[in-house]
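Work through the exercises below with the sequence and the structure open. Try each task before reading its solution.

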Amino acid sequence: KLYNQIQDLRGNIRVYCRVRPFLPGKESASSSVAGVEDRTITIMTAAKHAKDARKSFTFNRVFGPFATQAEVFADMQPLIRSVLDGYNVCIFAYGQTGSGKTFTMSGPKILTEEGLGVNYRALNDLFDMQAQRKDTFCYEISVQMLEIYNEQVRDLLHSGPNKKLEIRNSSHKGIAVPDANIVPVASTSDVVDLMNLGQKNRAVCSTAMNDRSSRSHSCVTVHVQGRDLTSGTVLRGCMHLVDLAGSERVDKSEVVGDRLKEAQHINKSLAALGDVIASLAQKNAHVPYRNSKLTQLLQDSLGGQAKTLMFIHIAPEPDAVGESISTLKFAERVA
Ligand code: ADP
Ligand code: MG
């Protein structure tokens with residue numbers, strides 16, 4: 001509660017940054033990241049390490065390559081718990097393909113206990129809180145998993161045909177995707193089963209050469225309804241955990257056909273997301289939610305009392321520096 005009051009004073013948009021380590025066997029003597037502090041990252045803007053080639057960016061929190069999944073989660077925990085108090089929360093993982101977005105949100109490809117990402121830890125934490133508060137609150141927790149690919153919304157928890165779904169806006173339910181499955185969860189194993197189903201459905205659409213996961217947005221939505229057992233008051237909150245499509249600029253001269261269309265949809269929707277968050281940060285009267293499916297879908301959870309965490313990811317390889325700088329500039333604009 002105190003945390004929420006502090007947050008409200010500071011504004012509801014926070015930006016975190018994480019630098020991933022070099023990949024095993026690909027360690028390099030030089031990194032494009034010259035320094036990482038608690039709140040500041042310093043980047044080499046040019047290949048030659050001249051002093052004036054350094055630029056620093058300051059955010060709410062910066063994690064270096066040695067930060068563990070548990071440490072990263074610990075910083076996000078108060079935000080995540082606020083969903084139990086009826087807040088809407090959006091957490092976005094942003095960055096170029098290979099920068100560590102999926103690692104942060106889900107974990108490494110071969111999942112271990114310590115490797116568990118935010119999605120799993122968040123739900124586990126909500127289950128713990130549910131148990132702790134069981135004498136005073138009755139919580140119901142359920143999950144949806146959607147994918148946005150080429151500006152089309154699809155259900156990752158579908159069992160039948162994978163139809164294109166509509167986003168609807170109703171006065172009593174707000175923004176919703178009524179035709180997507182919504183699955184009640186009560187335990188870690190329920191969540192693991194769901195995540196596996198979602199990943200399997202996502203994989204069906206890709207081939208080895210054509211990894212669709214980096215070119216679509218995936219959104220795990222956790223709906224929480226809590227009833228105060230003494231007063232009977234019901235609070236509803238929801239949390240969107242979004243693993244965004246890779247932010248890298250695709251050279252338009254090199255891609256054609258389907259790849260060009262995909263790239264255009266990604267650019268458009270990431271730009272729309274940046275525009276929405278930037279206009280919220282600047283407290284503009286008009287917020288351009290309608291410019292992409294992503295911002296339409298999340299409209300109820302962006303702005304107002306809702307809390308947003310933009311979590312950007314940086315790859316340390318020197319040849320990634322151009323993309324790293326555009327990621328840092330994106331974040332600077334929304335902070
Ligand atoms: P993205 O989702 O942004 O394309 P991934 O999360 O798939 O990137 O990360 C690319 C590779 O780097 C994967 O093999 C992943 O396991 C590894 N990786 C990413 N972040 C970390 C980290 N913080 N620590 C260790 N390995 C990481
Ligand atoms: Mg990924």
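Helices, of at least four residues, and strands, of at least two, are DSSP runs, numbered from the N terminus. With that, asparagine 150 can be placed in the loop between S7 and S8. The model is predicted.

**Exercise 1. The turn between S7 and S8**

Task: Describe how S7 and S8 are joined, and find which residues in the loop between S7 and S8 have a positive phi.

Solution.
Step 1. Locate the strands: S7 covers residues 137–149 and S8 covers residues 152–155. Their pairing is antiparallel, with four bridges. One place to check this is leucine 146, which has aspartate 155 in S8 opposite.
Step 2. Look at the connection. The two strands make a hairpin, and two residues lie between them.
Step 3. Check phi. Most residues other than glycine have a negative phi, and most peptide bonds are trans. Asparagine 150 is not a glycine, yet its phi is positive, about 50 degrees. Glutamate 151, in the loop between S7 and S8, is not a glycine either and has a positive phi of about 60 degrees.
Step 4. Classify the exposure. A residue is buried with 20 or more other C-beta atoms within 10 Å, exposed with 12 or fewer, and partly exposed in between. Asparagine 150 has 15 such atoms, so it is partly exposed. Glutamate 151 has 16 and is therefore partly exposed.
Step 5. Follow S8 to its other partner named here. S8 pairs with S9 (residues 164–165) in the antiparallel sense, over two bridges. Arginine 154 has lysine 164 in S9 opposite.

**Exercise 2. A three-strand sheet**

Task: Give the order of the strands in the open sheet that contains S2, S3 and S4, and say which strands stand at the edges.

Solution.
Step 1. Recall how strands join. Strands of a sheet pair through backbone hydrogen bonds, either parallel or antiparallel.
Step 2. Read the order: it is S2-S3-S4, with antiparallel pairing.
Step 3. Find the edges. S2 (33–36) and S4 each have a single partner strand, so one side of each has no neighbour in the sheet.
Step 4. Note the twist, which averages 20 degrees from one strand to the next.
Step 5. Examine one pair. S3 and S4 are antiparallel over five bridges, and methionine 44 has arginine 54 in S4 as its bridge partner.
Step 6. Add the helix. H8 packs on the sheet and touches S3 and S4, with its direction at about 145 degrees to that of S3.

**Exercise 3. Helices H6 and H8**

Task: Compare the span of each helix with the expected value, then describe how H6 and H8 pack.

Solution.
Step 1. Take H8 (residues 321–334). It has 14 residues, and its first and last C-alpha atoms are 20 Å apart, close to the expected 20 Å.
Step 2. Take H6, with 25 residues. At 1.5 Å a residue it should span 36 Å, and because its end C-alpha atoms are 36 Å apart, the two agree.
Step 3. Find the packing geometry. The angle between H6 and H8 is about 35 degrees, and their axes are 8 Å apart.
Step 4. List the residues that meet: Gly274, Ile277, Ala278 and Ala281 from H6, and Phe330, Arg333 and Val334 from H8. By class, this contact has five nonpolar, one polar and one charged residues.
Step 5. Look at burial. Buried residues of H6 include Leu270, Leu273 and Val276, and the buried residues of H6 pack against S1, H7, S15 and H8. In H8, Leu328, Phe330 and Ala331 are among the buried ones. Strand S1 (13–19) and strand S6 (89–94) are among the elements that cover the buried residues of H8.
Step 6. Look past the end of H6. Lysine 283 follows H6 and has a positive phi, near 55 degrees.

**Exercise 4. Glycine 304**

Task: Is glycine 304 buried or exposed?

Solution.
Step 1. Place the residue: glycine 304 is in the loop between helix H7 (293–297) and S15.
Step 2. Count. Glycine 304 has 12 other C-beta atoms within 10 Å, so it is exposed.

**Exercise 5. Around ligand 1**

Task: How many residues surround ligand 1, and which helix gives the most to the shell?

Solution.
Step 1. The number is 15, and Arg20, Gly100, Lys101, Thr102 and Phe103 are the closest.
Step 2. Helix H3 (residues 101–105) gives the most, with three residues.
Step 3. By class, the shell has four nonpolar, eight polar and three charged residues.

Key. Residues are numbered from 1 along each chain as its sequence is written. Chains are lettered from A and ligands numbered from 1 in the order in which they are written. This is a predicted model: local features need pLDDT of at least 70, side-chain atom pairs count only at pLDDT 80 or more; totals for chains, interfaces and linings use all residues. Two strands pair if DSSP finds at least two bridges between them. The expected span of a helix is 1.5 Å times one less than its number of residues. Two residues are in contact if their C-beta atoms, placed from the backbone, lie within 7 Å. A residue is near a molecule or strand if its C-beta atom, placed from the backbone, lies within 6 Å of it. Ala, Val, Leu, Ile, Met, Phe, Trp, Tyr, Cys and Pro count as nonpolar, Asp, Glu, Lys and Arg as charged, and the others, Gly among them, as polar. Axes are lines fitted to C-alpha atoms, for helices over the stretch in contact, and angles run from 0 to 180 degrees between N-to-C directions.
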